[in-house]
There are 2 protein chains.
Amino acid sequence: MKTFSCRNIQFLLYEVLNAESLTQFENFNAHDRETFDMTLDTATEISEKIMLANYMDSDRKQPELENGHVKVHEGVHAFIKAYAESGLLAATFPLEWEGQQLPKTVNAAVEYICMCGHNSFIMFTDLAVGCSNLILNFGTDEQKRQFIPHLLSGKWGGTMCLTEPQAGSSLSDISTMATPQADGTYKINGQKIFISAGDQDYAENIIHLVLARIKGAPKGTKGISLFIVPKMALAPPLGAGGLNDVASIGIFHKMGQKATPALHLGFGENNECVGYLLGEAHKGLPQMFQIMNGARLGVGLTGISIASAAYYASLQYAHERTQGRRLNAKNAQNEPTAILNHPDVRRMLLTQKAVVEGALAFIFQCYDYMDLLKVSETIEDKTKYDALLELLTPVAKTYGAEMGIVSVNQGLQVLGGYGYTEDFPLEQMARDVRIMSIYEGTTGIQSQALLGRQVTRNNGLGLKLWREEVQKEVTEATNYELFTPYCNALTNALQRFEVVTNHLLGIAGQGDAEVFMADATLYMEFFGILNVAWQWLRMGQVAQKALLTQNVSEDDRVFYESKIQTMQFFYKYELSKIHYLADCLLNTEVLTVVGEREIII
Amino acid sequence: MKTFSCRNIQFLLYEVLNAESLTQFENFNAHDRETFDMTLDTATEISEKIMLANYMDSDRKQPELENGHVKVHEGVHAFIKAYAESGLLAATFPLEWEGQQLPKTVNAAVEYICMCGHNSFIMFTDLAVGCSNLILNFGTDEQKRQFIPHLLSGKWGGTMCLTEPQAGSSLSDISTMATPQADGTYKINGQKIFISAGDQDYAENIIHLVLARIKGAPKGTKGISLFIVPKMALAPPLGAGGLNDVASIGIFHKMGQKATPALHLGFGENNECVGYLLGEAHKGLPQMFQIMNGARLGVGLTGISIASAAYYASLQYAHERTQGRRLNAKNAQNEPTAILNHPDVRRMLLTQKAVVEGALAFIFQCYDYMDLLKVSETIEDKTKYDALLELLTPVAKTYGAEMGIVSVNQGLQVLGGYGYTEDFPLEQMARDVRIMSIYEGTTGIQSQALLGRQVTRNNGLGLKLWREEVQKEVTEATNYELFTPYCNALTNALQRFEVVTNHLLGIAGQGDAEVFMADATLYMEFFGILNVAWQWLRMGQVAQKALLTQNVSEDDRVFYESKIQTMQFFYKYELSKIHYLADCLLNTEVLTVVGEREIII
């Protein structure tokens, strides 16, 4: 079963983004196209043979909490082993930590390939990577030596413990306590919920990174610190049987992503939970957020990976399933036609293709900015890529999540009644993808971050730089007459976006944040569409340029023509939505602020 | 747990639709407001005590096929008993069949109340009602006597057997065969899939209504007949142990609506399956479609019932859950506020309220036309209500299904991470509602029926009459100055709809059905929004009129003000979408027709 297109990955990495050019920088100079391709091949093999092979079975046999312990699906064990041994787990890490210093852009392609096969197995390894990154950035030398090799070899697992029963979107209300001990460690007391991979049996130890408040710390976000809390004590004599005092209180049963258990954890139920401060006291939240940006991009990418698998599953079905006659040949005597030939089915397929390929280009673009930030040699470059990344991360997360959900549901719809049954993977994909608009900050929270912080950050520098990036593509595309209407449509949309932004900032200037933010989610939708329209114009003109060269193979010709037609599709059906969104955003009827009398009844 | 609003049902039945006026017709004259209200109270009790009480448990313990038989959840047994004994099962049937001749409009309110409690228990009784209706309309006197009393007492169950493995949307390809026997019966041979309630253990017998082709019948839709095929033989000696030759071959496991088993049935595996012709030979499809219209409205209503339950569940959560501070009072020292006070949460709640109440009004309006058709005394009236019903049925089905899905997902989103867990009913509601855009004809099929048949039927009579109905409300609403912008917006939208319709019919005139139909689904979305905008204007002005009268209680004042504000919300966020849809529909770039070269890759 095909779940992604190799050809499209090659197109994005080498024809659109020019990932090879990264290898000219010292940090990436051990690589070339060959090492990139070998890495992608390795990912493909793991995705198909281990991940996809276990996709449905690991959903049907979800982990349970038994006698305080969680056993995960056998496929998880096989996956971690293969992913670590192949070098993919440590791929983005420095050579000194047995990594390969693989560019994030290429690694994003690895993750995409893998998540097309199984979207929740990867959470185990992503968490180990996230923990390692935080320890690498903020840990002492001893902490690095103690944890990173075990995490990156797959021997130990990791978690991120942020959410508490009373503190989800509002992390400033975290109440888990850390009490300093004479030996420099801390005793941790509190409860955390929704902890993905919070317990499992594949690893010898689990490294929980826990947000907590040191006794006496100020209220709010500025009093939160970050702690390393291992499941198994690091040195005796801590707790019985080598266990630190971390208890699995409960397991959440979820709508989807069932292969990854979500735990309710209790820290210090016997007041014996030992934690180690990571980085600076009271700086836990900004430290954590350094990796949360990557995590947010990852959620957007997961949404699109599921949508990719759903697209190819529904495309295959549409090729194979015959039903009815073509509308222009409606005669019962004719043989039934493949449903791919019905315009409405084609519309559903093209919607998926436009979303999947457009969003993938956008998300890869963000990872490319991450690599360029890493190798930036001037302050100006650093500032530029940082500004672009900060601006675009919540958008890439949200577009991938929200449109991933829409796209997967179109895939299910293509299969009709069969799509609703467990005989096909679509219903599971629809369940799996549904969480993406919630993970790592809901769409509402991301939208507030975009409009309330990123748009005005640094005097609007991010937005200014972004406009330049988009303008570059528009200018490039005007070289081809075919692209004139699309350049005009995008330019027009950019202008409306500016009008809307200024209108909203005008409201903000009047000081009513609730009115200002009332339609932040629509603003997010607007900006998301603009970004993907930008990427489609870019892909379109790259394809057009390629078509005009000599010696294009027949396969490539179809590939490039399909790119251009899908761009046209996106502009017709998706970009045109921005006028509706602009109308709403400019409409001064604000109906969602709290009034004197409650009207939501 | 509240799942619907009694006050809103009263408003729709008595203030908007004037259901009491139906009692002036002979057919309904045994009723008055008191009998209506008693019936609604009975439904409320069953919904809360039996249906809602079993909602989550019956999802967790889905029926399985064991040794050829299916046992359904114990709640189903209790529900059927209560629903039949209370008189609700037979409520719409004539007095001579122990019914109450309850208007369909009031019965729709009964169904809505019940489906808010449990959306798939009702399928068992709806199927018994559907079978009874078909037998009442087309059966011989003997067949009526033989089947109807058992079906309407809940002693026997019913099914509709349409879909076959190779014939879903395309019923013309049905291949189940019926071979005439000397005694006037038929031997049935074939397989049917997705048969809801296809086997169960609450009833002594199951009456399958089966579409099949009499040997030698012509190909296509005109060669299909309808047969009564009981699970248990009606008279010995047919098959061993009293069983007719109907086998449960398999059971489908579904994403949701798990309480109702969907069976794969084999008829005549031993060539011993006896069937009885119902109605005329070769007229099976039009006969079946007589009740399919009701079934389609029922699916739209189910979507909205689930959305109603989801709305009230998320509203309650938003009242109780505190998180963060109000945007205008962002100080960590303040106590956290109920999330109801966040504008984005309010937007999600109001979206749900606007969809649920608007669609409910629209669907009730259709049932009202059904009642008016029933009591029509002139040909003109009969033609009118028939034309309106035919035009609006696919729209009410599709709007209820598609926007039901959107609405439930907004409800889940309000709960954040908790919404994704089985601790709350939202994830189940999201799974349950997902089938509605597929049942009884997918959205694509409904849209083709609307644009390809209903819009042009009878020289566009339905659309003409519909415009008059809408215009009536616009004229009424112009009495109130507050409504001027909304009247203008609706008038403007109606004009655009006419432009779009004429544009599309122009394309149809050129003879390319695939180009004509390419965006039928967008046309459907456009028309659906218009219909609900019409209903909101109507509800708004009824509320406004009531507010201007003396002695409005405080509760009623809030209720009416909420209606007007939700109307405004709908016009701002939903009606404004029609400009986007019109732009797409008028855009002549048709990208979904089959080209020389396959570009969907």
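These entries record what I looked up on the domains of chain A and on the relation between chains A and B.

**Entry 1: conventions.** I worked from a predicted model, in which local features need pLDDT of at least 70 and side-chain atom pairs count only at pLDDT 80 or more, while totals for chains, interfaces and linings use all residues. Residues are numbered from 1 along each chain as its sequence is written, and chains are lettered from A and ligands numbered from 1 in the order in which they are written.

**Entry 2: domains.** I noted four domains in chain A: domain 1 (6–152), domain 2 (158–282), domain 3 (283–441) and domain 4 (458–601). Their bounds come from an automatic or database domain assignment.

**Entry 3: domain 1 against domain 2, chain A.** Over C-alpha atoms, the centres of these two domains are 24 Å apart. I found 32 residues of domain 1 in contact with 25 residues of domain 2, contact requiring C-beta atoms, placed from the backbone, within 7 Å. On the domain 1 side, α3 (55–60), β2 (69–70), α4 (74–85), α6 (121–138) and α7 (141–152) each supply at least two residues. Helices (H or I, at least four residues) and strands (E, at least two) are DSSP runs numbered from the N terminus. α6(A) gives the most to this side, with 10 residues.

**Entry 4: chains A and B.** I recorded that a rotation of 180° with 0.0 Å of shift along its axis superposes chain A on chain B, with RMSD 0.0 Å; the fit is by least squares on C-alpha atoms of residues with pLDDT of at least 70 in both copies. This is the relation of a two-fold axis. In chain A, the C-alpha of Tyr580(A) is nearest the axis, 3.0 Å from it. Both copies use the same surface, as 100% of the contact residues of chain A recur in chain B.

Terms used: Contact = placed C-beta atoms within 7 Å.
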